[in-house]
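This briefing is meant to be read beside the sequence and the coordinates. It moves from strand pairing to cores, a helix, aromatic pairs and single residues.

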Amino acid sequence: MSTSAHRGNGRRLLVLGTLSALALGATACGSSGGDPLASGSKTGGSGDGAGSTVVVGSANFPENVLLGSIYSQALKAKGVKVEEKFNIGSRELLYGQLKDGSLTVLPEYNGALLAYLDPKTTAATKEEVNAALATTLPASLGLLDSSPAEDKDSLSVSQESADKYQLKSITDLAAKAGEFTIGGPPEFKTRREQQLKDVYGLTFKEWKPTGETTANALKDGSVQVGNVFTTDPKITQLKLVPLSDPKNIFGAQNVTPLVNKAGVDAKASAALNAVSAKLDTAGLSGLMKRVAVDKEDPSAVAKDWLKANELS
C-alpha cells in the first residue's frame, strides 16, 4: 500500500502495514448500519464539530491517495471543512499523527490495521477483524463502516516463473525461496520476514525495497517474488500470478475509514459511511487502472466516482 498486511493454527496476521481507539461495539465496526461513533460524539469532542476542520491524510502509495481524495471530496460535498495531507508515509508514521490529532481521517485496511496493533491476532473475516479492532483500538480513535472493497497483499510471481517452477501457492515457494529475491515496499521485510519463516518456512536469498516498481521488477526479473496488491492493474497488464495463500497470512483487508473521534461529527461520519456503502473491489480496481496505468490525476478520478455514485 505503501504501505501497506492472517488464522487458525497457522493463520497469523502480522504487521502490515495503511491504529488506536475504541470502546466501539463489534457491530458498529462492521459495514452495517448504526452510528459507530455515537458514543464517541459524547466523549471524543463536541457533538457537532461546528467550525472545525477535518484533516484527511493518506499513506504514500497511489491507491491510498485516491481513497483519501474520495473521502475528502465526499466530506466537502456535505459542507464539511477539509484539509488534505496526502502522501505522508507508512502506517508507522500515520498512526501517531492520528492519535495526536494532527490527522482526523485515514483510509485504512482493517486487517492490516489489526495486524499492526496485534501481530498475534488470528482474526480472519471482516467481522472477526472489526470485532477484534473494537477491543484493541484506544478510546480516542474509531472505525466507521467497512466497505466491501478489499485490497489484499499477495506474493506474486511472473507467469514465466509460475510455469517454470510450477508455482500456484505460497507453499510452493519453499523449495526455491533460498534462490529467490523478494521485493516489496521498504517496510515489507520488517513486517513479514519472520511470519513467512514461521508460517510457510520461507527464507529468501535477498529482500529488495522495490516499492511501487515491484510489479515491473517481477516482469524484468530483478526480483522473483513480489508483494503486489491485488487491486494493482499491473497484475493483469504484466501477466503476473498472485500465489494462493492457503494458511491465510494475508487476511481481510476491507477499506475502512479510521478516525480521531474528537474531530468527526455525525455529518462527517454519514458522508464517509456513504462512500463505504458504494465502494467495492471491482470498482476500486477500475479506478486504480485510471490512476496507475492511464496516469490520471487521483483527485479527478475521485471526483468522477463520487459523481457517478451520486455522492457529490
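Which residue in β8 is the bridge partner of Ile182? The partner of Ile182 in β8 is Val225, in a model that is predicted throughout. Mean pLDDT for the protein is 85, with 84% of the residues at 70 or more, but over residues 1-50 pLDDT stays under 50, and the model has 201 contacts beyond four places in sequence for that stretch.

**The five-stranded sheet**

- Five strands make up an open sheet in the order β7-β6-β8-β5-β9, and the pairing within that sheet is mixed.
- At the edges stand β7 and β9 (240-242), each of which pairs on one side only, and from one strand to the next the twist averages 30 degrees.
- Strand β6 (residues 181-184) runs parallel to strand β8 (residues 225-227) and is joined to it by 2 bridges.
- Strand β5 runs antiparallel to β8, again through 2 bridges, and Leu155 stands opposite Asn227 of β8.
- On β9, which is antiparallel to β5, 3 bridges make the connection, and Leu240 in β9 is the bridge partner of Ser158.
- The side chains of β5 alternate, with Leu155 and Val157 pointing one way and Ser156 and Ser158 the other way, and all of them are buried.
- Helix α8 packs on this sheet, where it touches β5 (155-158), β6, β7 and β8, and the direction of α8 makes about 155 degrees with that of β7.

**Nonpolar cores**

- In soluble globular proteins, nonpolar side chains tend to be buried together.
- The largest nonpolar core in this model has 52 residues, of which Leu66, Ile70, Leu75, Val105, Val255, Val275 and Trp305 touch the most other members.
- Helix α3 (residues 62-77) supplies the largest share of this core, namely 6 residues.
- Ile70, once neighbours within four places in sequence are left aside, is in contact with Val275, Leu287, Ala302, Trp305 and Leu306.
- Another core, of 21 residues, lies apart from the largest one and includes Leu167, Ile182, Val199 and Phe204.

**Helix α5, an enclosed element**

- Why is helix α5 (residues 110-117) described as largely enclosed by the rest of the structure? The description follows because 6 of its 8 residues are buried.
- The buried residues of α5 are Asn110, Gly111, Ala112, Leu113, Leu114 and Ala115.
- These buried residues pack against α4 (91-99), β3 (105-109), α6 (126-136), β4 (141-143) and β10 (255-260).

**Aromatic pairs**

- The count of aromatic pairs comes to 6, and one of them is the edge-to-face pair of Tyr95 and Tyr116, with 5.3 Å from centre to centre and 75 degrees between the planes.
- Because Tyr95 lies in helix α4 and Tyr116 in helix α5, this pair ties together parts that are 21 residues apart in sequence; Tyr95, at 11% relative accessibility, counts as buried.
- The rings of Phe188 and Trp207 have centres 5.7 Å apart and planes at 45 degrees, so that pair is tilted.
- Phe188 belongs to helix α8 (residues 188-200) and Trp207 to strand β7 (residues 206-209), so the pair ties together parts that are 19 residues apart in sequence.
- Both partners are buried, Phe188 with a relative accessible area of 3% and Trp207 with one of 15%.
- A cluster linked by ring pairs is formed by Phe61, Tyr109 and Phe229.

**Two residues to inspect**

- Glu92 lies in helix α4 and is partly exposed, with a relative accessible area of 36%.
- Not counting residues up to four places away in sequence, Glu92 touches Tyr116 and Arg191; the C-alpha atoms of Glu92 and Tyr116 are separated by 8.6 Å, although the two residues are 24 apart along the chain.
- Ser58, in strand β1 (residues 53-59), is buried with a relative accessible area of 0%.
- With residues up to four places away again not counted, Ser58 touches Asn64, Val65, Lys85, Phe86, Asn87, Ile88, Gly89, Leu94 and Leu106.

Technical notes
Residues are numbered from 1 along each chain as its sequence is written. This is a predicted model: local features need pLDDT of at least 70, side-chain atom pairs count only at pLDDT 80 or more; totals for chains, interfaces and linings use all residues. Side-chain values use heavy atoms; hydrogens and water are left out. pLDDT is the predictor's confidence in each residue, from 0 to 100. Contact means heavy atoms within 4.5 Å. A nonpolar core is a set of buried Ala, Val, Leu, Ile, Met, Phe, Trp, Tyr and Cys residues joined through side-chain atoms within 4.5 Å. Buried means under 20% relative accessible area, exposed over 50%, partly exposed in between (1.4 Å probe, protein chains only). Helices (H or I, at least four residues) and strands (E, at least two) are DSSP runs, numbered from the N terminus. Rings of Phe, Tyr and Trp (its six-membered ring) pair if their centres lie within 6.5 Å; planes under 30 degrees apart count as stacked, over 60 as edge-to-face and the rest as tilted. Two strands pair if DSSP finds at least two bridges between them. Axes are lines fitted to C-alpha atoms, for helices over the stretch in contact, and angles run from 0 to 180 degrees between N-to-C directions.
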